[in-house]
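Please walk me through this model in the viewer, one selection at a time. For each stop, say what to select and what is found there.

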Amino acid sequence: MTAAPAETTVDARVLRGVDTLLDGYAQLRPTDTLLVIYTPDCRDQASLLLLTARDRGVATAAVGMAPVEDPGFADRLAAVLPSRATLTGRLVLITIERDTMSHADVLRRAVDTYGDQILPLRIINGSWEFFRLALGPTPTELSAINAGLLHRFLDAKHLAVTTSSGSELEITLDNDRYRWLSNRGIWRPGSFVILPAGEVATYPASVTGRLVADGAFNVNKAVQLDARLGDHPLTVELKDSDVVSYSCTDEKIAKLFERCIQVDHGSHVGELGFGTNTGIDEFIGMNSHINERHPGIHLGFGQHGQLLDVVDYYTDIHIDLITSDVTIHIDGDPVPLTSHTLAPSTLPHPTNVSDEDIDGDCCGARTPHE
């Protein structure tokens, strides 16, 4: 199955997403300067951002880049960067790419130059679908949703997980050893805001049972397949976090998963994740983090998000298998958490949780290898 064509319609929901990005995430003010850095496949989305900002009276600049490799990018960026002395407010820097996040070293040098006068946002999976689906909740709302889940999970030892597609998983947590990550779109000084946002995740001590992924997959390599799994769920049997067997009626998706788990450590669960972006109410054909943020559970096979002195392996493959919903009983509590009832909490976001901050290049550079 080949990838579905990308959506090309700019509708009211897309325009609301643009407003949420500029108002909720960037908190763009008339005194700010907006710099949009884009790859060729996101030219239209970059143009809409720039036009919207100009309509608000905000000074703008733009620069194109090639993904992954672009020897002239640093010089082109330097040519458009304003000096700190000429800024009347902040420099809001937005990078937008479809399948990659590129040139982190160049961007890091630029960010460090401006100190607290810059707000950098890095968008992967830039598309009209990103603006239509992934920018529903504000960062404040996502932070509150994540906080509610994390307060439950951080005290937990055992999760009994089921889904409407037939998943039955027994999951053991070790929160004294393995950190939780929270992707919520909140800017912290010196960091990049990574979008799309909306997820909490950890490294599970053990996962045993059956995962029936009926939502989508998301793999950190370039693939030309429709990522949706609703018509052909991928079923994986697990014992102690390792793949025992798997099946899928779509031969191409089965082959993709086979190639991923044949890589060293690729058959081991490196991530237990929960999507929290309540604005994402459907799955899309793009191999994307948008699908990963959909409310539900996902297991990531291969690379983990822990420090290497805690989980001492590295592999260059990571494939997430995502469900369309989830019901979770925590430590035998008869009242479950469900993906259908996610809502902002009044509890503060825990401070002993790591905010996701990718300070490097990411994703989509090559296909999974044998």
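Select Ser143 first. In this predicted model, Ser143 has a relative accessible area of 11%, under the 20% limit, and is therefore buried. The residue belongs to helix α6, which covers residues 139-153. Show its surroundings: leaving aside residues up to four places away in sequence, Ser143 touches Arg184, Ile186 and His349.

**Thr33 and strand β1**

Go next to Thr33, which is part of strand β1. Is Thr33 buried or exposed? Its relative accessible area is 16%, so Thr33 is buried. With residues up to four places away in sequence left out, the contacts of Thr33 are Val58, Ala59, Leu87, Arg90, Leu91 and Val92. For a distance check, pick the C-alpha atoms of Thr33 and Arg228: they are 38 Å apart in space, and the two residues are 195 apart in sequence.

**Helix α4 and its surroundings**

Select residues 104-114, which form helix α4. Which residues of α4 are buried? They are Ala104, Val106, Leu107, Arg108, Ala110, Val111 and Tyr114. Now add the elements that these buried residues pack against: β1 (33-38), α3 (73-80), β3 (91-96) and β4 (118-123).

Keep α3 and α4 on display and hide the strands. The axes of α3 and α4 are 10 Å apart, at an angle of about 25 degrees. Because of that angle, α3 counts as roughly parallel to α4. The crossing of α3 past α4 is right-handed. To see the contact itself, show Phe73, Ala74 and Leu77 on the α3 side, and Val106, Leu107 and Ala110 on the α4 side. By class, this contact of α3 with α4 consists of six nonpolar residues, with no polar and no charged ones.

Then look at the two ends of α4. His103 sits in the loop between β3 and α4. Its phi is positive, near 60 degrees, although His103 is not a glycine. His103 counts as buried because its relative accessibility is 7%. On the other side, α4 is followed by Gly115, which also has a positive phi, near 60 degrees.

**Two more loop positions**

Select Asn125, in the loop between β4 and α5 (128-133). Asn125 is another non-glycine residue with positive phi, here near 70 degrees. Its relative accessibility is 2%, so Asn125 counts as buried.

Move on to the loop between β8 (193-195) and β9 (199-202), where Pro196 is placed. What is the peptide bond from Leu195 to Pro196? The bond is cis, with omega near 10 degrees.

**Helices α1 and α2**

Select residues 12-25 for α1 and residues 43-55 for α2. Their axes come within 11 Å and cross at roughly 65 degrees. So α1 is roughly perpendicular to α2. The crossing of α1 past α2 is right-handed. From α1, the contact takes in Val14, Leu15, Val18, Asp19, Leu21 and Leu22; from α2, it takes in Leu48, Leu49, Thr52 and Ala53. Coloured by class, the residues of this contact of α1 with α2 come out as eight nonpolar, one polar and one charged.

**The nonpolar cores**

The last stop concerns the cores. In soluble globular proteins, nonpolar side chains tend to be buried together. Here the largest nonpolar core has 48 residues. Which of its residues touch the most other members? Select Phe153, Leu159, Phe217, Phe301 and Leu321 to see them. Helix α7 (residues 251-262) contributes the largest share of this core, six residues. Apart from this core lies another one, of 37 residues, including Val18, Leu22, Tyr25 and Leu28.

To finish, centre on Phe217 and show its contacts, again without residues up to four places away in sequence. Phe217 touches Val223, Leu225, Asp226, Ala227, Leu229, Ile253, Leu256, Asn287, Ile319, Asp320, Leu321 and Ile322.

Note on methods
Residues are numbered from 1 along each chain as its sequence is written. This is a predicted model: local features need pLDDT of at least 70, side-chain atom pairs count only at pLDDT 80 or more; totals for chains, interfaces and linings use all residues. Side-chain values use heavy atoms; hydrogens and water are left out. A nonpolar core is a set of buried Ala, Val, Leu, Ile, Met, Phe, Trp, Tyr and Cys residues joined through side-chain atoms within 4.5 Å. Buried means under 20% relative accessible area, exposed over 50%, partly exposed in between (1.4 Å probe, protein chains only). Helices (H or I, at least four residues) and strands (E, at least two) are DSSP runs, numbered from the N terminus. Contact means heavy atoms within 4.5 Å. Axes are lines fitted to C-alpha atoms, for helices over the stretch in contact, and angles run from 0 to 180 degrees between N-to-C directions. Angles under 35 degrees count as roughly parallel, over 145 as roughly antiparallel, 65 to 115 as roughly perpendicular and the rest as oblique. A crossing is left-handed if the near helix is turned anticlockwise from the far one by less than a right angle, and right-handed if clockwise. Ala, Val, Leu, Ile, Met, Phe, Trp, Tyr, Cys and Pro count as nonpolar, Asp, Glu, Lys and Arg as charged, and the others, Gly among them, as polar.
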